[in-house]
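Reader: Take me closely through one part, the shell around the ligand. Which residues come nearest? Then show me what the shell is attached to.

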Amino acid sequence: MKAICRDNYGGPEIIEIREVEKPQPKEKEILVRVYATTVNRTDEGVLLGKPKIFRLFTGISTPRHATLGTDFAGIIEAVGSEVTRYKVGDRVWGFSDSGHPTQAEYTCFPEKGNLAKIPDDWDYTSIVAFAEGAHYARNFLNKVDFKSAEKILVYGATGAIGSAMVQMLKYEGIPFDAVCAGKDVALIKSLGADKVIDYQTADFTSEGKKYNFVFDAVGKSNFGTCKKVLKDKGVYISSELGPGNENLYLPITTMFSNQKVSFPFPVDVSRSLAYVLEMINAGAFMPVIEKIYPYTEAVAAYKHMLSQQKVGNVVLDFSRG
Ligand SMILES: NC(=O)c1ccc[n+]([C@@H]2O[C@H](COP(=O)([O-])OP(=O)(O)OC[C@H]3O[C@@H](n4cnc5c(N)ncnc54)[C@H](OP(=O)(O)O)[C@@H]3O)[C@@H](O)[C@H]2O)c1
């Protein structure tokens, strides 16, 4: 089978498309014929081995798996002898936030791993865009009692995390404004933002508005800047460690302050997938996909993702093996 591989940590130039052996499921695993995966910012960590602490999960000196990947959508082709939850022919999608060899024509996944059945009317390329970014977005929302918020600001609404987050806020009925580049203002408005500020032409801290929470979905702002737009008891939450890794210690040093910082260590992917399914069933989630690449163009897909400018998701299509 074909797989997207590399042997060491490094940039997209070390990625190769290889012919590798098809995996065989163990007793408690399913074998999936993969039709689509995304190339996402968790894949960035798996490829680069950065931040270095991530290597505790992906392999200390060399990668644990030569095949890249984190998420997948496909159909079950075989099941191990002890699998009870799934059967051959089930369509499933899933995500492993510490890397898993999913960017291949076939992958084995534990039946009790982070996966779920795909709703009948959803195709593989659309559903796969609801795993990685949606999981991290959901973790922002898990972290705080946002339901009492009068207004939230989502900074960086166009990434995989931001575009999922704004739809979750809309679904929860929480009023929010958003910040993004001018070319994407219409998209983010269509996803439910009350007001969208173009960061290229306006300073979001000079709009005269204050928020209960600033969700910095893209990690490009910081607490110092966002304090100006936080209300009393307001909370700043970021998807990144921030300058000098400050978002690791600010939650402690601001614990007794009027305005606080929270850092959402992401947990419980299965719970996030269940929430996404709830939203899908309510017709409240739209996949934001900027581009679908055939797997033969994996290097271009990785370069696109590494530009930090993708809008929503970038998908790798494995349907034509
Ligand atoms: N904590 C975790 O476990 C975890 C997990 C995954 C990802 N992350 C981090 O979370 C962040 C977001 O991930 P993602 O997947 O959503 O990213 P992404 O999809 O790569 O986000 C890219 C988007 O951000 C926008 N952007 C770039 N610079 C901006 C700026 N200065 N202001 C506002 N928007 C800007 C880009 O549009 P324009 O350039 O056109 O504005 C683009 O649409 C990344 O930094 C990633 O490393 C954290």
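Author: A helix here is a DSSP run of H or I, at least four residues long, and helices are numbered from the N terminus. With that, H5 can be placed. The model is predicted.

Start at the ligand. There are 26 residues around it. Thr 158, Gly 159, Ile 161, Lys 220 and Ser 239 come nearest. By class, the shell holds eleven nonpolar residues, eleven polar ones and four charged ones.

Now the elements. Four of them each supply at least two shell residues: helix H1 (41-48), helix H4 (132-143), helix H5 (160-172) and strand S9 (176-180). H5 gives the most, with three residues. The shell also draws on two domains. Domain 1 (2-118 + 288-317) and domain 2 (133-262) each contribute at least three residues.

Next, the sheet. S9, a contributor to the shell, is one of six strands in an open sheet. Their order is S10-S9-S8-S11-S12-S13, and the pairing is parallel. Strand S10 (195-198) and strand S13 (260-262) are the edges, each pairing on one side only. From one strand to the next, the twist averages 20°. Strands of a sheet pair through backbone hydrogen bonds, either parallel or antiparallel.

Look at one pair in detail. Strand S8 (residues 152-155) and strand S11 (residues 211-216) run parallel over four bridges. Val 154 has Phe 215 in S11 as its bridge partner.

That leads into the core. Val 154 and Phe 215 both belong to the largest nonpolar core, which has 93 residues. They are among the members that touch the most others, with Val 128, Met 165, Val 166, Ala 178 and Val 214. H5 provides the largest share of this core, seven residues. So what does H5 supply to both places? Three residues to the shell around the ligand, and seven to the core. Like the shell, the core takes at least three residues from each of domain 1 and domain 2. In soluble globular proteins, nonpolar side chains tend to be buried together.

One last residue, for contrast. Tyr 124 lies in helix H3 (residues 124-127). Is Tyr 124 buried or exposed? Buried, because 22 C-beta neighbours fall inside 10 Å, and 20 or more is the cut-off. Tyr 124 and Gly 156 are 32 residues apart in sequence. In space, C-alpha to C-alpha, they are 26 Å apart.

Conventions: Residues numbered from 1 in each chain as written. Predicted model: local features only at pLDDT ≥ 70, side-chain atom pairs only at ≥ 80, totals over all residues. Near = placed C-beta within 6 Å. Nonpolar A, V, L, I, M, F, W, Y, C, P; charged D, E, K, R; others polar. Domains from an automatic or database assignment. Pairing = 2+ DSSP bridges. Axes fitted to C-alpha atoms, helices over the stretch in contact; angles between N-to-C directions. Core = buried A, V, L, I, M, F, W, Y, C linked by C-beta atoms within 7 Å. Buried ≥ 20, exposed ≤ 12 C-beta atoms within 10 Å, placed from the backbone.
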